[in-house]
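Got the model open in your viewer? Let's take a short walk through it, one selection at a time.

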Amino acid sequence: MNLNLKKESLRKVNETLQSIDRKSNKKIFKISNPDGNHAICAGLKDEIEVTIDGHTGYYCAGMNMNANIIVNGNVGTGVAENMMSGTVHVKGNASQSAGATAHGGTLIIDGDTSSRCGISMKGIDIIVKGSVGHMSAFMAQSGNLVICGDAGDALGDSIYEANIFIKGKVKSLGADCEEKKMNKKDQNILRSLLKKASINESEIKNFKMYGSARKLYNFNIDNVSEY
Amino acid sequence: MCGIVGIYLKNKKYNSQLGKFLTGMMNSMATRGPDSAGFAIYSSEKKKKYKYSVCSNTDQVKEISKKLSKQVKDIKVKSISDHLIIETAMKPKKFIEILKNHDELSLVGYGSCIEIFKQVGNPKDVVKNFSLEKFSGSHAIGHTRMATESAITTDGSHPYSTGEDECLVHNGSLSNHNNLRRSLQKKGIEIKSLNDTEVAAGYISNGLSDKKSLKETLLDGLKDLDGFYTFISGTKNGMAIVRDEIACKPAVVAETKDYVAIASEFQAMAHLPNVNSAKIFEPEPGKVYSWGK
């Protein structure tokens, strides 16, 4: 089914996709002329496939559950923010805060993302084939962020229990983020994520892993004079 | 919030459509800034002539023209909505002094190729009032305002121009503008409003008058201007964009072989020719990007 945003309103298009008749066989949708509109495909909750042909604005595929959303273009701020499950695949670049606060699902970005990719992520898997901007994985709580390119300043600042896998250079690490030794279990996680994004598994050896040094978890008496 | 837009045409075949392009960009940024709007248009330079963009609070244009032509020889006055574009060979220093004696007129900007228009109201109405669609030129910069730092008045609207053929639009807010205003005023830079952006415009004018390049001045600004900002600055030769080091305020650039467009959001550029095949990127924090002749 084709949905043309030049002819139909964004609200109508989103309503159509949010209220799928589960008995119907209509499971594949295409959206044309997104023209940078905000909140396209926000709040989808059924197992459907939606392809967006063009560039989108803010919060594309926000709060996604179950749906598989493909964007043939760039996305604005907060793609797949607060996603619960499903897959979002961006063929171009993503703006700030990609996958912010998302609890689950997979976000694949073929290009680069700007700052704060995976900010406060709570269980999502994010795979970026390019580079990420500054303060990525800021306060990331759970889930995995795979970066095939480089990372900007303050990677993983105040990170909790999320994993960062990175192949390229890290400009600088944020507070309480440190390099970790990758064990078999971690390698298996990375292998399955690379597979999901159709990246050659042999690349595993080129990745480094970062996580929390856990020094901010408890109050340190040495810092008492700071308060 | 505020919306900022800019477009620089590399291919002259589009010059006659500059106003049309900017109209689309401003209209789609109306949601980011519904309080007031303004824009600066750069067209070809007229040798030994200056254009003064003036906001008038009376509709008696004929009388004003008559009064001015008694004081200034060889004057041409064009009226568009509540603005007048006054063309004369008289140099800025002298002409600005004359304008000061006309309480009904306030100078918005001046130079050999810049024209500036700004007004309170929804951007969609403002661009209509000034018939922006009909303008042609080489580059243009626009702003839609959601007021934070000063009152919703024409004085509080962008673009700000504090020097010949210069203009600045801003998305964000500055926190050290009061101190900076005082130190710039001591150096003789005239800053009329209480707005933070006008101070930044004055800062740039001061840098340029010290024979620094626009790029150098904007890089110095990263140290001296405290706050959040994405700036688009225009000069006779082109335009530049800079974002502060935190880069909270958005910006996206689309570049094709025919033009460079900048906007707060991609949707402002969706109507531009061949934009889907343009090189699209977000300016990195703390880096100056410029395009020009």
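Before you start clicking, one definition for the stops ahead: two residues are in contact if their C-beta atoms, placed from the backbone, lie within 7 Å. Also keep in mind that this is a predicted model.

**Stop 1: the two domains of chain B.** Select 3-41 plus 122-292 of chain B and colour it as domain 1, then give 46-112 another colour as domain 2; that is how the domain assignment splits the chain. The centres of domain 1 and domain 2 of chain B, taken over C-alpha atoms, are separated by 24 Å. Where they touch, domain 1 of chain B puts in 10 residues and domain 2 of chain B puts in nine residues. On the domain 1 side of that contact in chain B you'll find three nonpolar, four polar and three charged residues.

**Stop 2: a sheet.** Now show the strands of chain B and pick out 9, 10, 11 and 15. In that order, these four make an open sheet with antiparallel pairing. Strand 9 (167-174) and strand 15 (288-292) of chain B each have a single partner strand, so they stand at the edges with one side left without a neighbour in the sheet. From one strand to the next, the twist averages 5°.

Zoom in on strand 11 (residues 238-243) of chain B, which is joined to strand 15 of chain B by five bridges. Which residue of strand 15 of chain B is the bridge partner of B:Met239? Click across from B:Met239 and you land on B:Trp291.

**Stop 3: helices across the sheet.** Add helix 7 (residues 214-224) of chain B. Helix 7 lies across strands 10, 11 and 15 of chain B, and runs at about 160° to strand 15. Next add helix 6 (residues 196-209) of chain B, which lies across strand 9 and strand 10 (227-235) and makes an angle of about 130° with strand 9.

**Stop 4: a helix pair.** Keep helix 6 on screen and select helix 5 (residues 177-186) of chain B: the two pack at about 40°, with axes 9 Å apart. That makes helix 5 and helix 6 of chain B oblique to each other, and their crossing is left-handed. Show side chains for the contact: helix 5 of chain B brings B:His177, B:Leu180, B:Arg181 and B:Leu184, while helix 6 of chain B answers with B:Asp196, B:Val199, B:Gly202, B:Tyr203 and B:Asn206. By class, this contact has four nonpolar, three polar and two charged residues.

**Last stop: chain A meets chain B.** Zoom out to where 13 residues of chain A are in contact with 10 residues of chain B. The chain A side here has no nonpolar residues, 12 polar and one charged.

Notes. Residues are numbered from 1 along each chain as its sequence is written. Chains are lettered from A and ligands numbered from 1 in the order in which they are written. This is a predicted model: local features need pLDDT of at least 70, side-chain atom pairs count only at pLDDT 80 or more; totals for chains, interfaces and linings use all residues. Two strands pair if DSSP finds at least two bridges between them. Axes are lines fitted to C-alpha atoms, for helices over the stretch in contact, and angles run from 0 to 180 degrees between N-to-C directions. Domain bounds come from an automatic or database domain assignment. Ala, Val, Leu, Ile, Met, Phe, Trp, Tyr, Cys and Pro count as nonpolar, Asp, Glu, Lys and Arg as charged, and the others, Gly among them, as polar. Angles under 35 degrees count as roughly parallel, over 145 as roughly antiparallel, 65 to 115 as roughly perpendicular and the rest as oblique. A crossing is left-handed if the near helix is turned anticlockwise from the far one by less than a right angle, and right-handed if clockwise.
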